[in-house]
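Subject: A structure for you to look at

Hello,

I am passing a structure on to you and would like you to have a look at it. Below it I have written out what I found, starting with the whole chain and then moving to single residues.

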Amino acid sequence: MDTDRLSRWLTLVANVGVLIGLIILIVEIGQNTDMMRAQMTQERANHTVEKFDAIIHSDHWPAIAAKMAQAENRRELIESLTAEEYQRVWNFYLREINDLRNQHYQYTQGYLPQEVWDASTYGQIVRLVRLGAALGRPERFEGNAAFRNEIKRIAELENLPFPNEDGTWP
């Protein structure tokens, strides 16, 4: 057997080995991507459960929620809250906006599945817009235009008020 022929066979075997290695690498990357998506979904679920657990076990939030449910209008709600309660609600509201900004980013980047966006995030946006309207504080849903437009789209679908460009509520 001559050296040239042996060299061609060795090159062919090496190329097949590289091809097999690439196929294995692609499969492993796919599995890793699936695992990361599962971890992100679990982290999001854990985050939501922790948030609701904190609300449920709060010494303050049940009384605030009861006042919110009983209020006939924005003025009545605001007058029923103590200064401390109002600040708690406002901080909760800001926290929810930041959470939604992050979820919107994940959604637009393809990290948050459509069904999750449609199911839980949609409802979170509806609750947030209702709360913002009840508080009447200036908030423009700043971030990027796509985020603001998505919040506005859902508010319009649900026939909810949406802040004016200057941040005031109608």
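One term first: a residue is called buried when its relative accessible area is under 20%, exposed when it is over 50%, and partly exposed in between. Please also keep in mind that this is a predicted model.

Let me begin with helix 4, where that term is needed. The buried residues of this helix are E85, Y86, V89, W90, Y93, E96, I97, D99, L100, Q103, H104 and Q106. What covers them? The cover includes helix 1 (3-56), helix 2 (61-70), helix 3 (74-80), helix 5 (114-135) and helix 6 (145-157). Helix 4 itself takes in residues 83-108, and its 26 residues should span 38 Å at 1.5 Å a residue; the C-alpha atoms at its ends lie 37 Å apart, so the two values agree. After helix 4 comes G110, with a positive phi near 85 degrees.

Now for the chain as a whole. You will find six helices and zero strands in it, so the order from the N terminus on reads α-α-α-α-α-α. The radius of gyration is 26 Å, whereas a compact globule of 170 residues would have one near 15 Å. Along the principal axes, the C-alpha trace spans about 95 × 35 × 20 Å. Of the 170 residues, 27% are buried. The accessible surface comes to about 11,300 Å², and carbon and sulfur atoms account for 57% of that. Taking contacts between residues at least 6 apart in sequence, 66% join residues at least 24 apart. As for charges, there are 18 positive and 24 negative ones, and their mean positions are 3 Å apart.

Helix 1 is worth a look next. How far does helix 1 reach from its first C-alpha to its last? The distance is 78 Å for 54 residues, close to the 80 Å expected at 1.5 Å a residue. The buried residues of helix 1 are R44, K51 and I55, and they pack against helix 2, helix 4 and helix 5.

One of these, K51, deserves a closer look in helix 1. Is K51 buried or exposed? Its relative accessibility is 10%, and because the cut-off for buried is under 20%, K51 counts as buried. Leaving aside neighbours within four places in sequence, K51 is in contact with R95, E96, D99 and Q124. Two of those names, E96 and D99, also appear among the buried residues of helix 4.

Finally, here are two residues from the later part of the chain. A146 is found in helix 6 and is partly exposed, with a relative accessible area of 43%. Between A146 and P163 there are 15 Å in space, C-alpha to C-alpha, and the two are 17 residues apart in sequence. N159 sits in the segment after helix 6. Although N159 is not a glycine, its phi is positive, at about 55 degrees. N159 has a relative accessibility of 71%, so it counts as exposed.

If you would like a place to start, try K51 in helix 1 and follow its contacts to R95, E96, D99 and Q124.

Best wishes

How values were computed
Residues numbered from 1 in each chain as written. Predicted model: local features only at pLDDT ≥ 70, side-chain atom pairs only at ≥ 80, totals over all residues. Heavy atoms only, no water. Helix = DSSP H or I, 4+ residues; strand = E, 2+ residues; numbered from the N terminus. Rg over C-alpha atoms; globule rule 2.2 N^0.38 Å. Buried < 20%, exposed > 50% of the residue type's maximum accessible area, 1.4 Å probe, protein only. Contact = heavy atoms within 4.5 Å. Areas by Shrake-Rupley, 256 points an atom, 1.4 Å probe, with all protein chains shown as cover. Lys, Arg positive; Asp, Glu negative; His and termini not counted. Charge placed at Lys NZ, Arg CZ, Asp CG, Glu CD. Expected span 1.5 Å × (residues − 1).
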